[in-house]
Amino acid sequence: VIPSSNPCSAGGESWLMEISATTGARLTETPFDYNNDGVFNAADLVAYDGGNVPGGGIQDKDGGKTSRAMILVDEKGDEQKIISKSTGDLIKVKESASDQGIGRRSWIQVIPQ
């Protein structure tokens, strides 16, 4: 988040980034519907280094997103993040749930003493 240069006003700019929770790498499928057609597919890939790859983020230059979001998953498995902006407005960002289903990698059982 980059706040507005005017300390007395809300706003600024920010990025919403998505990476793999298990590896820290770029996701294998596009997390964002960049062309806003309601479908997550090859049309949402971005040009990079001579090829097309899943994008990793979306930029907001109008008010900046805060660091808190509520995540909802719809019946198709698509995620929707409800994000508050520094202006107080709420926005909805639809995402694919491409890397879900990997399950728990490890756990620890805590036994009360």
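Rings of Phe, Tyr and Trp (its six-membered ring) form an aromatic pair if their centres lie within 6.5 Å; planes under 30 degrees apart count as stacked, over 60 as edge-to-face and the rest as tilted. The structure treated below is a predicted model, in which local features need pLDDT of at least 70 and side-chain atom pairs count only at pLDDT 80 or more, while totals for chains, interfaces and linings use all residues. Residues are numbered from 1 along each chain as its sequence is written, and side-chain values use heavy atoms, with hydrogens and water left out.

**Exercise 1. Determine how many aromatic pairs the structure holds, and characterise the geometry.**

Step 1. The structure holds one aromatic pair.

Step 2. The partners are F32 and Y34, with 5.8 Å centre to centre and 65° between the planes, an edge-to-face arrangement.

Step 3. For burial, the cut-offs are under 20% relative accessible area for buried, over 50% for exposed, and partly exposed in between (1.4 Å probe, protein chains only). F32 has 2% relative accessibility and counts as buried. Y34, at 28%, is partly exposed.

Step 4. A further ring contact involves a charge, which sits over a ring if NZ of Lys or CZ of Arg is within 6 Å of the ring centre and within 35 degrees of the ring normal. R26 lies over the face of Y48, at 5.5 Å from the ring centre.

**Exercise 2. State the order of the strands in the open sheet and identify its edges.**

Step 1. Helices (H or I, at least four residues) and strands (E, at least two) are DSSP runs, numbered from the N terminus. The protein chain has zero helices and eight strands.

Step 2. Two strands pair if DSSP finds at least two bridges between them. Strand β1 (residues 2-3) runs antiparallel to β2, and two bridges join them. Here I2 stands opposite E13, and P3 stands opposite G12.

Step 3. Four bridges link β2 with strand β5 (residues 57-60), again in the antiparallel sense. W15 has Q59 of β5 as its bridge partner.

Step 4. The resulting three-stranded open sheet has the order β1-β2-β5. Each of β1 and β5 has a single partner strand, so these two stand at the edges, with one side of each left without a neighbour in the sheet.

**Exercise 3. Establish which side chains of β2 are buried, and describe the surroundings of E18.**

Step 1. In a regular strand the side chains alternate between the two faces of the sheet.

Step 2. In β2 (residues 12-17), G12, S14 and L16 point to one face and are buried. E13, W15 and M17 point to the other face and are not buried.

Step 3. E18 belongs to the loop between β2 and β3 (46-48). The relative accessible area of E18 is 14%, so this residue is buried.

Step 4. With contact defined as heavy atoms within 4.5 Å, and residues up to four places away in sequence not counted, E18 touches L27, P31, F32, G56, K81 and E95.

**Exercise 4. Report the confidence of the model along the protein chain.**

Step 1. pLDDT is the predictor's confidence in each residue, from 0 to 100. The protein chain averages 76, and 73% of the residues score at least 70.

Step 2. Strand β4 (residues 51-53) has the highest confidence, at 92, and strand β6 (residues 65-73) the lowest, at a mean of 66.
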